[in-house]
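Hi,

Here is the structure I promised to pass on. Have a look at it first, and my notes follow below.

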Amino acid sequence: MIEAALTLEGWYALHDFRSLNWTAWTAADDEERAVALEELHAFMQEWSPVEEAKEGSTAVYSIVGQKADFVMMFLRENLEALNQLETAFNKIAFAQYTTKAYSYVSIVELSNYAAGGSGSDGSDPMQNPHVAARLKPILPQAKHICFYPMNKKRELADNWYMLDMDKRRELMASHGLIGRSYAGKVKQIITGSVGFDDWEWGVTLFAEDALQFKKLVYEMRFDEVSARYGEFGPFYVGNLLTEESFEEMLKL
């Protein structure tokens, strides 16, 4: 029997992509837009106490292209908290000017493909500050974001799930070296979604220079893990939105 990778899980994740109904927004009167913006700001201001209490993290980015206008990425302790956020957003006046473009549900994940696996000595891996920080990360407010979902192939000779653990660990070690070569340039958060969404993993990248996304993903295309076993969904790329820049984007 092929050995399954063991995983450690942290915060649950929701990528909530929305499109703006610009026709409805521009048709609204000044008072209606003012109320919508006031409620949007109040909604966003609730996130800081959650992050300060280390109970989650949030980031908002505009999306370039026609797939969506913005994304809210939420990390929270459980699915109930994510559901409450969705419902709370849908109740504010601003929500009526948006439509749901795409969403992705997952959980921050670390696997034991790294040599030995975290906590393999019997210790609690969450007592390791490095592991805890990776499983419950504070989202960087970098200038740019890139998100894409992905699978590992299950096709005839190219079936990731039929490889033994040693081979998968060897391949992932080589794959990881490429990612680590971009340390300081790209922050990467991997979330697992098997059983949660249509793809198996979500990859969220943050960078001050968006060109680093292209360089990293392109270089990884030549690694066997991606070239032979990777399947990729749609890519979403965008720019950081603060409360101030969000309001600026919405100005007529």
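Are W25 and F94 buried or exposed? Both of them are buried (under 20% relative accessible area; exposed is over 50%, partly exposed in between, with a 1.4 Å probe and protein chains only).

Before the rest, some housekeeping. This is a predicted model, where local features need pLDDT of at least 70 and side-chain atom pairs count only at pLDDT 80 or more, while totals for chains, interfaces and linings use all residues. Residues are numbered from 1 along each chain as its sequence is written, and side-chain values use heavy atoms, with hydrogens and water left out.

Aromatic rings

I get 21 aromatic pairs, counting rings of Phe, Tyr and Trp (its six-membered ring) with centres within 6.5 Å; planes under 30 degrees apart are stacked, over 60 edge-to-face and the rest tilted. W25 and F94 are one such pair: their ring centres are 5.8 Å apart and the planes sit at 80°, so this is edge-to-face. W25 belongs to helix 1 (residues 22-27) and F94 to the loop between helix 4 (79-91) and strand 4 (98-111), so the pair ties together parts 69 residues apart in sequence. Helices here are DSSP runs (H or I, at least four residues), as are strands (E, at least two), numbered from the N terminus.

F70 and F246 are also edge-to-face, at 5.1 Å centre to centre with 65° between the planes. That pair links strand 3 (residues 70-76), which holds F70, to helix 9 (residues 243-250), which holds F246, 176 residues apart. F70 is buried at 0% relative accessibility, and F246 is buried at 1%. These four rings sit in one aromatic cluster with F43, W47, F74, F89 and Y97.

The second largest pocket

W47 turns up again here: along with M44, S48, T58 and Q141, W47 is nearest the centre of the second largest pocket, which 14 residues line. The volume is about 290 Å³, taken as the space filled by probe spheres set on grid points joined across faces, edges and corners. A pocket is an open set of points on a 1 Å grid over the protein atoms alone, where a 1.4 Å probe fits, with protein on both sides within 12 Å along at least five of seven lines; lining residues have an atom within 4 Å of a point. Strand 2 gives the largest share of the lining, four residues, and helix 2 (30-45) and helix 3 (47-52) each supply at least two. By class the lining has six nonpolar, six polar and two charged residues (Ala, Val, Leu, Ile, Met, Phe, Trp, Tyr, Cys and Pro are nonpolar, Asp, Glu, Lys and Arg charged, and the others, Gly among them, polar).

Annotated positions

The unreviewed UniProt entry puts "active site" at Y148; its annotations may be inferred rather than shown by experiment. Y148 lies in strand 5 (residues 144-152) and is buried at 6% relative accessible area. Beyond four places in sequence, the contacts of Y148 (heavy atoms within 4.5 Å) include W201, F232 and F235.

The same entry's "binding site" covers Y148 too, with R134 and S226 among the others. Those positions spread up to 22.5 Å between C-alpha atoms. R134, in helix 5 (residues 129-135), is partly exposed at 44%, whereas S226, in helix 8 (residues 224-229), is buried at 9%. S226 is in contact with H175, M220, R221 and F232, leaving aside neighbours within four places.

Cheers
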